[in-house]
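Me: I've got a protein model open and I'd like to work through it with you. Can I fire off some questions about it?

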Amino acid sequence: MAINTVTVVKAAVNNGIGNTGCASEGIADSNSPSPPPSPRRRFQTGISQCRRRLRSKVQSHFRRENLTAGILLRWNIRYLLVLPLLYISGLIMCVGPFSALLRPTLPGAVYRSHELFAKLWPDIAADNSSAIELSSVWKFKRRLKVQKPCRNSTARQQHFAANEESAGPNGYLIIEANGGLNQQRSAICNAVALAGLMNAILVIPLFEFNSVRRDPSEFRDIYDEDHFIATLEGHVKVVKELPDEVMERYDYNSSNIPNIRVQAWAPANYYLGEVYPVLKEKVVIRIAPFANRLAISVPPHIQLLRCMANYKALRFSSPISTLAHKLVNRMIEKSSRTGGKYVSIHLRFEEDMVAFLCCVYDGGEAEKLKMDSIREIGWRRKFKRKDRVIIPGLNRIEGKCPLTPLEMFPLLYTKDSLATPDELASFEGYFSRLAALDYTVCLFSEVFVTTQGGNFPHFLMGQRRFLFDGHAKTIKPDKRKLVVLLQDMEISWKAFKDQMEAMLTESDRQGVVVPRVRKINRKTSVYAYPLPECWCLLSHKSSLKLTRGTSMPDTLPESTR
């Protein structure tokens, strides 16, 4: 930002004596008692008087000039004081909310994909070689190690039996799962692991009501409740509700049950040292919220419980699995040109995500008002704080903004185009149930493309690896490069295609880069990378093995139904 300084220019004053100059006062009359002055004297006196007048005028002029100069000097001092303030204000504006008005637009900062698509579409439609043979894309292969059998699932009982008179349950555990479909799934699996850690009876998890999604679904609406209980029998006891004698102890009011606030990613030792004694004393405890409240690294026999919950016990309810079965088969039928194999994509192009990331597309003022409203409902005044700097263009350049369907695949199907209105009628308004349909269709695709991160792709990639022997194909495009390409209105279709193929090759190369010692965090948990910890659960993997590109069986695998 340039700030113009004020330069004060002083004009030089040129004073000269003209021909009219200074006139003498005249000659004294003859009656004067004084002798008449000599002509020279009179001349000198006239000059002196002229000099005095001139000096008087010059002094008067310089007094006026000094006064003007003083005023200007004072103004200069003021300018010197004001200029730094203006400079600092300029810097603040450059990093503040007005920066977009002052800085040049960087490549990739503006959404112009719809314009580029319209420009390239004739070339795309005419290019018969634009289809990529999916089977020839993946050149890198990885050999799977032979896995050990499952660890003894009774290790938890042995642990408590060594310290307690009885290895019976120590009480009841209630948790409240918050977030979307897969964040709730994470909480459920962690609850199973925690119940096993503390030798507690798990009550079917509760789902927190989200003010943005406004989905009132309960556990039994999303998952097969009876199958969940039966699968975990012998490992973790699960009940649908608290028994009457426990409720009587708390006056049949669940709000009287002690609620424990636990820090995020709390380790197993914390629960055994701090939470377990309370469970023994109170008989029942409640932990809410429970998202990400158990560390990823836990003892192996507890980790196995996570595997059992996610890959065996959790399967979708009958209404969800029935419609999902139909959508997968319809997608296979529409992919006859590629042998029934299709590509699925998770864009995360949803209202709450777009609002949270402060991304701007081509919706104009209506889009802005809608996003402002969602931010206000979901996060109150968090986005209106004075210290909150929002630069949508920068978010897009950094690859944070979800891609639109237009930016990935022009030939696109969704559950809305695959299902009839009558089939979707009972799902409308239920965010998690609709997400479960997407999850299942993506699960059985030949290739899964993820662009945004989050719980959905982590769980989906993990389940694909689990079902397909670790050979599930996934593409993670570089959005930082992609947004620059999508704003280049001069690019040709051939150049764009070459860039995309290079990006695809790099994604394949990175897919086989596995560190020697895997860092344990959310992105490398058993939910995303089930092998080797969960491998032993596939002792009957032949019955779970599915062939993508063929019609779905009448009965889906346990982890997907």
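Me: Which residues does Phe228 touch, not counting residues up to four places away in sequence?
Reply: Keep in mind that we're looking at a predicted model. Leave out anything up to four places away in sequence, and what remains for Phe228 is a list of contacts. That list is Ile188, Val192, Ile204, Phe219, Val238, Ala313 and Leu314.

Me: Okay, and which helix gives the largest share of the largest nonpolar core?
Reply: This core has 86 residues, and Phe228 is among those that touch the most other members, along with Leu173, Tyr223, Tyr271 and Leu437. As for the largest share, it amounts to eleven residues. They come from the helix spanning residues 181-198, and that's α5.

Me: How many residues are in the second, separate core?
Reply: This one is separate, and you can spot it by members including Leu116, Ile345, Met408 and Met489. Its residue count is 19.

Me: Let's try the second largest pocket. Which element gives the largest share of its lining?
Reply: The pocket has a volume of about 540 Å³, and 28 residues line it, with Ile204, Pro205, Leu206, Phe207 and Glu218 nearest its centre. Two elements give two or more residues to that lining: β3 (206-207) and α6 (219-222). The largest share is three residues, and it comes from α6.

Me: How many charged residues are in that pocket's lining?
Reply: Sort the lining by class and you get 13 nonpolar and six polar residues. The remaining class is the charged one, and its count is nine.

Me: Now Asn395: buried or exposed?
Reply: You'll find Asn395 in helix α14, residues 392-397. Buried means under 20% relative accessible area. Asn395 has 13% relative accessibility, so it counts as buried.

Me: Which residue has its backbone oxygen 2.7 Å from a polar atom of the Asn395 side chain?
Reply: Start with what Asn395 touches, skipping residues up to four places away in sequence: Leu357, Cys358, Lys400 and Cys401. One of these places its backbone oxygen 2.7 Å from a polar atom of the Asn395 side chain, and that's Leu357.

Me: Last one, for the protein chain as a whole: what share of the contacts with a separation of 6 or more comes from residues 24 or more positions apart?
Reply: The chain has 21 helices and nine strands, and 42% of its 561 residues count as buried. Among contacts with a separation of 6 or more, the share from residues 24 or more positions apart is 79%.

Conventions: Residues are numbered from 1 along each chain as its sequence is written. This is a predicted model: local features need pLDDT of at least 70, side-chain atom pairs count only at pLDDT 80 or more; totals for chains, interfaces and linings use all residues. Side-chain values use heavy atoms; hydrogens and water are left out. On a 1 Å grid over the protein atoms alone, a cavity is a set of points where a 1.4 Å probe fits but cannot get out, and a pocket is an open set with protein on both sides within 12 Å along at least five of seven lines; lining residues have an atom within 4 Å of a point. Grid points are joined across faces, edges and corners, and a volume is the space filled by probe spheres set on the points. Helices (H or I, at least four residues) and strands (E, at least two) are DSSP runs, numbered from the N terminus. Ala, Val, Leu, Ile, Met, Phe, Trp, Tyr, Cys and Pro count as nonpolar, Asp, Glu, Lys and Arg as charged, and the others, Gly among them, as polar. A nonpolar core is a set of buried Ala, Val, Leu, Ile, Met, Phe, Trp, Tyr and Cys residues joined through side-chain atoms within 4.5 Å. Buried means under 20% relative accessible area, exposed over 50%, partly exposed in between (1.4 Å probe, protein chains only). Contact means heavy atoms within 4.5 Å. A polar contact is a pair of N or O atoms within 3.5 Å; within protein, one must be able to donate a hydrogen and the other to accept it, and residues adjacent in sequence count only if both atoms are side-chain atoms.
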